[in-house]
Structure formats: structure tokens, C-alpha cells
Amino acid sequence: YLYNMWLRRLILFSLMSVLFGQSIHNAYGLGLISFNHNAASSAMSSRGIVPSFNQNISLSNPVTWNNLKFAYLTANYKGDEFSNDSKVNGLTSISSAQFAVSIGENYAWGFGLKPLFNQQYMIVDNQTEFYLEGDTLFTQRSVDGSGGVSSLYTAFCFPLSNKENMAVELDVLFGSLRKDAKFSIDQRSYHQFHRQIYSGSLYKVFLSSERFNHGNLPLNIYFMFGGAINPVKVKHYSFQPFEDVNNNGYYDSADNPAPASVPSAEINIYNDILNPSELGFGFDMVMSSDLHLMLEAHSWHDVGKKDKSLFPLLSHYVNQSQQLSLGLAKFSPVAAFKLAQKIHYRGGVYLRNDLLEEVHESVNEMGISVGFGIKFGVANNQIDFAYKYGVRNSDLISNETIQHFTVGLQLGDLWFVKRRPK
């Protein structure tokens, strides 16, 4: 018992100083929250509120789906690179998958899957030496984690009036995190594995208005708000610490203590660890028939309960994220026959601010994005590309540069259309 208690304290409570990480922002709390999940929005530095896929259509804003001429199956793939003076790290993953279809001229429905938080990190402390009874011992601490929280969602769009539409989105959250905390003394390595299982649900409400869509500079307005239905809870498993005698990184019969003699994992349930609310609006000004100038503002705030025993490595937690973006898009006309006419051109700039709860430290980010999309096929299939470059700064994060690349593919088909008999 004394051995187990000493080993747990050695691994858990010594991992407090951090000198390396893929992006240290990626390891805070539940990880780095994701707001744009498709290439079209990313190319305009948008969080998905304003139209970016095509005129009057945003794949991330269901209140615009009634403008779809076809049913679309979409998938997006992204790559991120974080770099500073000492390291360069990257991560690639699927950023979203979605199906959306308009029903008549006024209604639409869709569902999809998207990541909400992402954690992929390895953090290693500097090697330390200390003296014990005339002997010199070298120690080193590290932790690596992999996982995150994802959303399975569905949304429905319907009219409120001949000028206003509304959409409601329901998100079921799920996910897990696997973590390995390691402590080394000379040639001996000690591990403790952890696992966290997440569950919860959110809602979002979207509104749009075409009431000012007239005159020399027509204006479309978009608004959204959201919150938690069931705040996220986590089921936390803490497994037996052990000495990795054969240094293979796994818990097997050669290790000490032997797996057959250890108790079951300790299980703790933490409620309300994530209880977010968000508010956003966007303006889409039609400068000409195909040229649109768009302004978007979005604020996200979390009032969940942060139990420090869940985060022994880092107590920092992002509990606010705000962004202001300005985008410009030249969309392809509805009737396009030449290749040059089938290309959408997009660009944007943004300012982002994240607040760390424990230290009241702001992480500031600013950047620029560009991209284009190409329509092809009878059903206006589309492939989109986006590139974003940003710089992130705070007292904890020094001049970190971010490069983000996304590619999206949208395949269209006719649904809910009466076909002629063969």
C-alpha cells in the first residue's frame, strides 16, 4: 500500500512544469476548441455564421440550408502546424462530415459529425539531477495525451416569415482521452495510465433576416446563440501505477507490481465540467452580383466546474474565446459554363482572444486566410481549399505561428424531387 501511494504521488503531483508541447494551447483543459469545420469557412476566417460555401449558403449555419439547390454530402480534411523558436509540430485529421438537404423552398434538414475539442500532445520536462547519499540520480518527467470531444448533430431549418428563417441544432457530445504520465529515475521508468470518457448535449438556435436585402447595397443579417442541455460530465479512470521493468511502454507480466495482483481502476465521475454558452452575429453585404463583404463576431463562454484533480499537469483552462473576422468572397454565378466562371475566391482576416481561467491570462491570436472553390459536374459538386496563417502570443505562449490547411469535398444530388417514370 505504501509503495502504491508513493508511486501515485511521484507521478501525479510532480508533473507541474512544462517545457515542451505540440502546442501548449492544445494541452490546456479539454484541449483546443474548434469552431470552423469546413474549408469554405476557414478560407474567410469565419466561424461559420456568414455564407461562405456559395451565395447565401454556409455549410456550418443550418438557417441557410434552405437555399441549397441539391442535397450535399460533404467531408473536410485539415492539417495544422504549430511552430516557435525551438520546435515545429503538426497534426492532420478529418475536420467534419455532413449531409444536408433542402425540402422545398423553405425547409431544410441535415446531420453530421465534427470535432469540438482536440488533444494531441507530448510534454517533456528537462532532465534534472539530484544527489542522494553520495549518489547522483537523473530524473525526467513527461506526459502524453490523445483524444478529444466530438459532436454528433442534427439541425432543421424552417421559415418564421417571408423575410426571416430559423434553424435549431441539437448536438450530442461524446469522446475520450487516454493519458500516460511517466517518471524516470536513471534507468527505471514508472507509468500511470488514465482514461476519461465524456458525455453531454448542447443546443444552438440560428436566425436570418433578408429584411434589409434591397437598395444599392443589399444586406443579409445572421444571428445565433447556444448553450448546454446536459453539461458535459467525465468518467475518469485511474489505473495502477507500475514500474516498466522491460521499458516497452506497456503493462505486462514482467513489470512491478504484476498485473494479476493489482486492484481495478479507480473510477470518479465529475459533473458539469463543460457548460458553455455562445453568441454570434454576421453581416453579409452584397457589393455586386457576385462580390460579398462579410463581418462576423462570435463569443464563447464556459462556466463549467473545473476540478483540479482532473488536470494535475496544467491547471490552465480556456473558458472564454472571442473572435472578430472580416471576409471577402467572389462567388461563381449560378449559370457558369467556363472553368474560370466556376471558381469561388475567398479571403479574410481575424482577431481572436482566449482567456485562461486559472491565471486570468489572455492568449491573443491574429491571422489571415485565403482560399478558393471549384464547381464541377451537373449537380454543382464542389471542392474547396483554404490556407490560414496566424500568430499566437501571451506570457505563456511566445510567438507561436499557426499554419492551417483544409480541403473540402461536396457531392450533390437531387432529393425530394418527383422523377419522371421510365
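Which residues do ring pairs link into a cluster with W300? In this predicted model, the cluster consists of F35, F117 and W300, joined through ring pairs. F35 also takes part in a contact with a charge: the charged end of R47 sits over the F35 ring, at 3.8 Å from the ring centre. A second arrangement of this kind involves K306, whose charged end lies over the ring of Y317, 4.4 Å from its centre.

Across the whole structure, 15 aromatic pairs are found. One of them is formed by F156 and F158, with ring centres 6.0 Å apart and planes at 25°; the pair is therefore classed as stacked, the angle being under 30 degrees. F156 is partly exposed, its relative accessible area being 35%, and F158 is also partly exposed, at 22%. F223 and F225 make up another aromatic pair, with a centre-to-centre distance of 6.1 Å and an angle of 45° between the planes, and this pair is tilted. Both of its members are partly exposed, with relative accessible areas of 32% for F223 and 30% for F225.

F223 and F225 fall within the residue range of strand β9 (residues 219-238), which pairs with strand β8 (residues 188-209) in the antiparallel sense over 15 bridges. Within this pairing, I197 has K235 of β9 as its bridge partner. Strand β9 is also joined to strand β12 (residues 276-286) by eight bridges, again antiparallel, and here Y222 stands opposite G282 of β12. A further six bridges connect β9 to strand β11 (residues 266-274), likewise in the antiparallel sense. In β11, I269 stands opposite K235; K235 is thus named in two pairings, being also the bridge partner of I197.

Strand β8 contains S201. S201 counts as buried because its relative accessibility is 10%, below the limit of 20%. Leaving aside residues up to four places away in sequence, S201 touches D171, V172 and L173, together with A228, I229 and N230.

Eleven salt bridges are present in the structure. In one of them, K114 is bonded to E169, with 3.3 Å between the closest N and O atoms. K114 belongs to strand β4 (residues 107-124) and E169 to strand β7 (residues 164-185), so this salt bridge ties together parts that lie 55 residues apart in sequence. Both K114 and E169 are buried. Distant parts of the chain are also linked by the salt bridge between R346 and D384, in which N and O are 3.0 Å apart. R346 is located in strand β15 (residues 343-356) and D384 in strand β17 (residues 381-393), a separation of 38 residues. R346 and D384 are both buried.

A salt bridge also connects D354 with R352, the closest N and O atoms being 3.1 Å apart. D354 is buried, as is R352. Elsewhere, salt bridges link E365, R392 and E400 into a network.

Conventions. Residues numbered from 1 in each chain as written. Predicted model: local features only at pLDDT ≥ 70, side-chain atom pairs only at ≥ 80, totals over all residues. Heavy atoms only, no water. Salt bridge = Lys/Arg side-chain N within 4 Å of Asp/Glu carboxyl O. Helix = DSSP H or I, 4+ residues; strand = E, 2+ residues; numbered from the N terminus. Buried < 20%, exposed > 50% of the residue type's maximum accessible area, 1.4 Å probe, protein only. Pairing = 2+ DSSP bridges. Contact = heavy atoms within 4.5 Å. Phe/Tyr/Trp six-rings, centres within 6.5 Å; stacked < 30°, edge-to-face > 60°. Lys NZ or Arg CZ within 6 Å of the ring centre and 35° of its normal.
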